[in-house]
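User: I am new to this structure and would be grateful for a close look at a single part of it. Please begin with the binding site and then relate it to the surrounding chain in one connected account.

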Amino acid sequence: MADDKKSQKHKTAMEKQKVSVDSSIEAASLERGVSILLTGNGKGKSSSAFGMVIRSLGYGYKVGIIQFIKGEQLSGEEIFIREQHPEIDFYQMGTGFTWDTQDRSGDIAAAEKTWVEASRMLQDKSLHLVILDELTYMLAYDYLDEAMIIDAIKNRPSEQSVVVTGRGGGSAIREVCDTVSEVQDKKHAFAAGVKARKGVDF
Ligand code: ATP
Ligand code: MG
């Protein structure tokens with residue numbers, strides 16, 4: 001190819017690229033809350049959500065937190081909130097893991113009661129961030145209506161961000177969320193016989 005022709009081709013390609021880059025920059029200048037799904041089998045979903053809680057609190061923003069599954073073990077985040085940050089809007093479903101309770105109708109009643117709180121938070125403009133920890137299990141077990149959850153996430157205040165955590169959860173929630181991260185389980189200390197660690201795992 002002659003040099004002139006090569007230069008012209010390069011120029012056309014660069015012009016095209018510039019249009020694409022400029023439009024991405026323009027799109028990224030949108031100011032609004034985001035919806036985030038943290039899923040997958042690896043460790044790091046809930047702890048990442050609580051990392052965002054700390055970030056928000058650092059700027060003096062209000063945060064709402066719902067925990068859809070509460071383990072038997074008290075967690076560091078629960079102690080931190082209850083003892084040091086009672087101003088945080090915090091609600092726990094209060095039933096243990098489903099394989100402990102083995103009571104489907106009781107679980108559904110608890111899930112529905114918890115959803116009332118979640119739905120309230122998802123309409124509260126004063127909340128900068130809402131965490132729906134382990135919500136995906138409510139979908140996986142069909143305890144809560146998927147369309148109702150998707151609707152609430154879609155129609156939340158535009159400045160509010162929401163973080164959903166938990167394994168699985170189905171495709172609808174993946175589709176509706178702006179950011180979806182899947183934490184992959186490469187290895188976990190527990191599998192090598194190391195006990196869950198205070199301040200690290202709970
Ligand atoms: P974390 O709260 O530590 O961020 P997570 O939210 O990603 O974990 P969950 O499925 O909610 O993971 O499980 C919570 C607990 O189970 C934590 O104590 C965590 O260390 C442990 N855990 C997470 N993933 C694994 C795994 N792949 N194998 C064994 N234990 C795990
Ligand atoms: Mg978790």
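Analyst:
**The surroundings of ligand 1**

In this predicted model, a polar side-chain atom of H188 is placed 3.1 Å from an oxygen atom of ligand 1. S47 also contributes a polar side-chain atom, which lies 2.5 Å from an oxygen atom of the ligand. With G42 the approach is made by the backbone: one of its N or O atoms is 3.3 Å from an oxygen atom of ligand 1. Taken on its own, ligand 1 has 570 Å² of accessible area, and the protein covers 77% of it.

The shell around the ligand comprises 13 residues, of which K43, G44, K45, S47 and D201 come nearest. By character, the residues of this shell divide into six charged, six polar and one nonpolar.

From the site, the account may be carried along the chain. G42 is 18 residues away from G60 in sequence, and the C-alpha atoms of the two are separated by 31 Å. G60 is located in the loop that joins α2 (45–58) to β2 (62–67). Its relative accessible area is 63%, and G60 therefore counts as exposed, the cut-off being over 50%.

Helix α2 also holds V53. In contrast to the exposed G60, V53 is buried, with a relative accessibility of 4%; the cut-off for a buried residue is under 20%. Which residues does V53 contact, apart from its neighbours within four places in sequence? They are V63, I65, L129 and I131. The last of these, I131, is 78 residues from V53 along the sequence, while the C-alpha atoms of the two are 8.1 Å apart in space.

Burial can also be followed in another helix, α7, which spans residues 146–154. Here I149, I150, A152 and I153 are buried. These buried residues line one face of the helix, because they fall within an arc of 165 degrees when α7 is seen down its axis. The general background is that an α-helix has 3.6 residues a turn, so residues three or four places apart point the same way. Against what does this buried set of α7 pack? Its partners are the strands β1 (35–39) and β5 (161–165), together with the helices α5 (104–121), α6 (136–140) and α8 (171–176).

In summary, ligand 1 has oxygen atoms approached by side-chain atoms of H188 and S47 and by the backbone of G42. Beyond the site, V53 is buried, whereas G60 is exposed.

Terms used. Residues are numbered from 1 along each chain as its sequence is written. Chains are lettered from A and ligands numbered from 1 in the order in which they are written. This is a predicted model: local features need pLDDT of at least 70, side-chain atom pairs count only at pLDDT 80 or more; totals for chains, interfaces and linings use all residues. Side-chain values use heavy atoms; hydrogens and water are left out. A residue is near a molecule or strand if one of its heavy atoms lies within 4 Å of it. A polar contact is a pair of N or O atoms within 3.5 Å; within protein, one must be able to donate a hydrogen and the other to accept it, and residues adjacent in sequence count only if both atoms are side-chain atoms. Accessible areas come from the Shrake-Rupley method with a 1.4 Å probe; for residues, only the protein chains shown count as cover. Ala, Val, Leu, Ile, Met, Phe, Trp, Tyr, Cys and Pro count as nonpolar, Asp, Glu, Lys and Arg as charged, and the others, Gly among them, as polar. Buried means under 20% relative accessible area, exposed over 50%, partly exposed in between (1.4 Å probe, protein chains only). Helices (H or I, at least four residues) and strands (E, at least two) are DSSP runs, numbered from the N terminus. The arc is that of the directions from the helix axis to the C-beta atoms. Contact means heavy atoms within 4.5 Å.
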